[in-house]
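Hi everyone, thanks for making time. I'd like to walk you through a structure that's probably new to most of you, so let's put it up on the screen.

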Amino acid sequence: MHIQEKQIQAINTQIRNLVRAGSFYGKKLEAAGITRIETEEDFLKLPFSEKADLREAYPLGLMTAPEEEIVRIHSSSGTTGLPVIIPYTAKDVDDWAVMFKRCYEMAGITNRDRIQITPGYGLWTAGIGFQNGAEKLGAMVIPMGPGNTDKQIQMMIDLKSTVLCATSSYALLLAEEIERRGLKDRICLKKGVIGSERWGARMRARIQEILGIELYDIYGLTEIYGPGIGINCPQETGIHYWDDYIYIEIIDPVTGAPVPDGEPGEIVITTLVKEGAPLIRYRTHDLSRILPEPCACGSPYPRLDVISGRTDDMLKIKGVNVFPAQIEEVLAGFEGLGSEYQIRISHLDGKDTMRIYAEADGHYEFRVLAQDVAAAVKSRIGFTPVVNIVEIGMLPRSEKKTKRVIDERYD
Ligand code: ZN
């Protein structure tokens with residue numbers, strides 16, 4: 001996706017503000033001797049930024065607008081070390097709501113909808129992002145936040161919620177609970193807007209099958225506004241993203257070189273109009289590709305393919321690089337399996353072992369299914385795992401993100 005002239009001009013404004021504010025990236029640019037770009041070639045010489053850089057700027061080193069213009073901060077939960085603090089101006093907050101409104105509109109959601117929001121409110125960007133966009137749209141918001149499944153279902157029935165916003169894990173948990181309690185006929189849901197974790201086609205199909213709703217995947221990350229920078233359209237062919245707010249390039253995660261449109265690689269994002277904390281060439285570690293063909297829906301916004309995983313998901317087992325998405329794809333090829341699985345890696349008697357747990361219903365011979373899955377995984381990644389098939393519902397469900405890969409080698 002070539003950079004447009006107006007995007008170059010927007011980036012120059014971002015660079016000017018970063019340098020003027022003496023923010024971490026402004027200093028990095030000055031050190032690299034690049035404070036203005038004219039061409040795509042110039043752009044590609046700009047240094048990348050990384051989550052580690054953002055952590056180093058803790059607490060407020062990213063702040064690029066004057067203090068009196070900052071109205072809010074958000075923070076991404078670091079699993080290690082310091083969190084990242086992102087300051088927002090009033091315009092940033094509004095721009096984010098405009099993008100999120102576009103996401104709802106792309107999904108065909110209107111001001112006649114009632115939107116039940118289950119992601120969390122607080123330091124992270126989830127709940128409040130869904131809320132601001134919905135209010136911008138003029139829809140009725142039911143701001144539940146996470147958990148309390150009984151209350152969620154009661155509100156869903158009594159207030160006739162038409163849209164559910166949730167993580168895929170929580171959408172599945174709610175769907176299975178609604179099915180178990182026999183309440184499907186009493187809910188009015190038509191659509192689900194699902195964010196914040198990668199999920200497989202099978203999990204999607206299961207939620208769709210139980211609730212009978214259309215599902216939309218929302219994309220985004222705290223460092224770049226939050227969820228809402230892109231969403232799939234009803235054609236379900238990738239994610240449209242808002243190229244008047246962000247510029248996306250795809251790079252080879254190892255060499256950092258740009259890859260041609262259509263080729264897979266790491267998503268790198270540059271903000272075009274952000275004030276509180278602009279980011280230039282931010283490495284997301286999310287893996288996808290640009291879909292260069294125009295979409296059948298007619299939208300002029302460019303498209304990314306569904307996120308296929310993260311560069312840091314990669315596991316090294318018996319000297320082989322394995323992505324959990326590869327295992328998920330193999331499992332998705334088996335008719336009898338459910339959506340849930342768990343991968344456990346341990347180190348026993350001097351060698352790595354991979355155990356895969358997957359759910360199936362009682363119509364299948366578990367022992368035979370396990371053998372077939374083990375053989376299919378071997379032909380995909382080169383070594384044989386231990387496969388255990390369990391009854392549907394045996395593996396853990398989560399209100400937030402389901403942990404599917406457990407590496408016990410370093411415990
Ligand atoms: Zn489309």
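Okay, start at C233: this residue is buried, with a relative accessible area of 0%. Keep in mind that we're looking at a predicted model. C295 is buried too, at 8%. So what do C233 and C295 bind? Both give their SG atoms to the zinc ion, along with H240 through NE2 and C297 through SG, at 2.1 to 2.3 Å. The angles between the four donor atoms come out at 104 to 113 degrees, so the arrangement is tetrahedral.

Along the sequence, the donors follow the spacing C-x6-H-x54-C-x1-C. That ties together distant parts of the chain: C233 sits in the loop between β8 and β9, while C295 is in the loop between β13 and β14, 62 residues apart.

Now, over to the sheet. Four strands make an open sheet in the order β20-β19-β18-β21, and the pairing is mixed. β20 and β21 are at the edges with a single partner strand each, so one side of each has no neighbour in the sheet. On average, neighbouring strands are turned by 15 degrees against each other, ignoring direction.

Let's look at the pairs. β19 and β20 run parallel, joined by six bridges, and one of the bridge pairs is A360 with E391. Between these two strands the chain passes through helix α11, residues 366–381, in a right-handed β-α-β crossover. On the other edge, β18 and β21 are also parallel, with three bridges; there, I343 partners V405.

Last stop: helix α10 lies across β18, β19 and β21, at about 135 degrees to β18.

Terms used
Residues are numbered from 1 along each chain as its sequence is written. This is a predicted model: local features need pLDDT of at least 70, side-chain atom pairs count only at pLDDT 80 or more; totals for chains, interfaces and linings use all residues. Side-chain values use heavy atoms; hydrogens and water are left out. Two strands pair if DSSP finds at least two bridges between them. A crossover is right-handed if, with the strands pointing away from the viewer, the path from the first strand over the helix to the second runs clockwise. Axes are lines fitted to C-alpha atoms, for helices over the stretch in contact, and angles run from 0 to 180 degrees between N-to-C directions. Contact means heavy atoms within 4.5 Å. Donors are N, O and S atoms within 2.8 Å of the metal (3.2 Å for Na, K and Ca); water is not among the atoms, so sites may look incomplete. Four donors count as tetrahedral if all angles lie between 85 and 135 degrees; four count as square planar and six as octahedral if opposite donors are over 155 degrees apart and all others between 65 and 115; anything else is irregular. Buried means under 20% relative accessible area, exposed over 50%, partly exposed in between (1.4 Å probe, protein chains only).
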